[in-house]
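Welcome! Please take a moment with the sequence and the 3D view below before reading on.

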Amino acid sequence: MHATMDYMATSRALRADPAQLLPGARSVIAVTLNYRQPTTANPVAGQPRIAQYAQGRDYHRVLRGKLRRFAERLEEVFPGAQHRPCVDSAPVLEREYAHRAGLGWFGKNTMLIDSRRGSFFFIGLLLTTLDVRPDAPAIGGCGSCRRCIDACPTGAIVQLNGRGAVDARRCISYLTIEHRGAIEPELAAKIGDWTFGCDVCQDVCPFNQPGPRQPLRGLATDEPDFRQVRAWPHLAELAQWSAEAFDEATPGSPLRRAGREGLQRNAQINLANARSQGISGYDTDTP
């Protein structure tokens, strides 16, 4: 299920015990940060289609900075306490701790969902040696809704032991970011115009739809680092990206995770899919 992400299994013991990351850890403080963009419209034909979370500055840097400042404030109030900021790159079960902290419950697409705010948020954790009174876990559920299951282009959302699960081997986010090498033709065709990541299961989720009774759902982020969306070259250029162009364009961007060869491959897939469907604007001669 986790495809080539073997670290998910090999780090299981480490993830289960925060004290291995911070000796003496007594509590985990979980926070969230909204990243939803002001508009979710499809990109202009020929432009890369990037998942919303990756359109601004690398969230690892943003969250770590905020968590460090939070830790500094705690140190002023509680001298001698030790803290360690963690984002999802650390071997820690960030969604599980956020759930236990009351910040959301698990949807069928395995995303953590806040009934009031939806799922377009990052999770940050602060491990601490302080004893913090725990919150109650979040309560909620998808009920009979299966919009994310039906909308997933590759059928990656499945039921496993009575719970929703994602088969990473078929997930567009995994394929366009983590997977190295060629992508099977059947799956490549279903990637469509996604160049980095995928938002389909979140876009169709009712908890992400704004409404008069739920004003916080669909609310755009006010974080400047996320609102400053980068401009990317035409897919035809991206498909031929040089190492120099990649290094110049991607510092501080989540897109570096896919690597230059991965982005080239994805762009080539996007162009091939557009040609096969007769969609204009993707011609390789377009500047």
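Here is a short tour, from a sheet and its helix to some aromatic rings and a few turns of the backbone.

This is a predicted model. A good starting point is strand 6, where eight of the eight residues are buried, so this strand is largely enclosed by the rest of the structure. Strand 6 belongs to an open sheet of three strands in the order 1-6-3, with antiparallel pairing.

**The sheet**

- Strand 1 and strand 3 stand at the edges of the sheet, and each has a single partner strand, so one side of each lacks a neighbour in the sheet.
- On average, neighbouring strands of this sheet are turned by 20° against each other, direction ignored.
- Eight bridges pair strand 1 with strand 6 in the antiparallel sense, while four bridges join strand 3 to strand 6, also antiparallel.
- Leu125 of strand 6 is a handy landmark: Leu125 is the bridge partner of Ala30, and Cys86 stands opposite Leu125 as well.

**Strand 6 up close**

- In a regular strand, side chains alternate between the two faces of the sheet.
- On one side of strand 6 sit Phe121, Ile123, Leu125 and Leu127, on the other Phe122, Gly124, Leu126 and Thr128; all of them are buried, and both faces are covered.
- Gly124 lies in strand 6 and has a relative accessible area of 0%, so Gly124 counts as buried.
- Leaving aside neighbours within four places in sequence, Gly124 is in contact with Ile29, Ala30, Val31, Leu63, Leu67 and Cys86.
- The C-alpha atoms of Gly124 and Glu94 are separated by 7.2 Å, and the two residues are 30 residues apart along the chain.
- Thr128 is found in strand 6, which covers residues 121–128, and Thr128 too is buried, at a relative accessible area of 0%.
- The side chain of Thr128 reaches the backbone nitrogen of Leu130 at 3.0 Å.
- Not counting residues up to four places away in sequence, Thr128 touches Leu22, Ala25, Arg26, Ser27, Ile29, Gln82 and His83.

**Helix 3, lying across the sheet**

- Helix 3 lies across strand 1, strand 3 and strand 6, and runs at about 35° to strand 6.
- The buried residues of helix 3 are Tyr59, His60, Val62, Leu63, Gly65, Leu67, Ala71 and Leu74.
- These buried residues pack against strand 1 (27–34), strand 3 (83–86), strand 6 and helix 9 (224–227).
- With 19 residues (59–77) at 1.5 Å a residue, helix 3 should span 27 Å, and its end C-alpha atoms are indeed 27 Å apart.

**Helix 12**

- The 18 residues of helix 12 (259–276) should span 26 Å at 1.5 Å a residue, which agrees with the 26 Å between its end C-alpha atoms.
- Among the buried residues of helix 12 are Gly259, Leu263, Arg265, Ile269 and Leu271.
- The buried residues of helix 12 pack against helix 6 (172–177), helix 7 (185–191), strand 9 (194–196), helix 10 (235–238) and helix 11 (243–249).
- Just after helix 12, Gly278 takes a positive phi of about 70°.

**Aromatic rings**

- The count of aromatic pairs comes to 11.
- One of these pairs is Tyr35 and Tyr53: their ring centres are 6.5 Å apart and their planes stand at 75°, so the pair is edge-to-face.
- This pair links distant parts of the chain, 18 residues apart: Tyr35 is in the loop between strand 1 and strand 2 (49–50), and Tyr53 is in the loop between strand 2 and helix 3.
- Both Tyr35 and Tyr53 are buried.
- Tyr35, Tyr53, Tyr59, Phe120, Phe122, Phe196 and Phe226 form one aromatic cluster.

**Positive phi values in loops**

- Most residues other than glycine have a negative phi.
- Thr110 has a positive phi, near 70°, in a residue other than glycine, and lies in the loop between strand 4 (105–106) and strand 5 (112–113).
- Asn161 also has a positive phi, near 55°, and lies in the loop between strand 7 (157–160) and strand 8 (163–166).
- Is Asn161 buried or exposed? At 77% relative accessibility, Asn161 counts as exposed.

Technical notes
Residues are numbered from 1 along each chain as its sequence is written. This is a predicted model: local features need pLDDT of at least 70, side-chain atom pairs count only at pLDDT 80 or more; totals for chains, interfaces and linings use all residues. Side-chain values use heavy atoms; hydrogens and water are left out. Helices (H or I, at least four residues) and strands (E, at least two) are DSSP runs, numbered from the N terminus. Buried means under 20% relative accessible area, exposed over 50%, partly exposed in between (1.4 Å probe, protein chains only). A polar contact is a pair of N or O atoms within 3.5 Å; within protein, one must be able to donate a hydrogen and the other to accept it, and residues adjacent in sequence count only if both atoms are side-chain atoms. Contact means heavy atoms within 4.5 Å. The expected span of a helix is 1.5 Å times one less than its number of residues. Two strands pair if DSSP finds at least two bridges between them. Axes are lines fitted to C-alpha atoms, for helices over the stretch in contact, and angles run from 0 to 180 degrees between N-to-C directions. Rings of Phe, Tyr and Trp (its six-membered ring) pair if their centres lie within 6.5 Å; planes under 30 degrees apart count as stacked, over 60 as edge-to-face and the rest as tilted.
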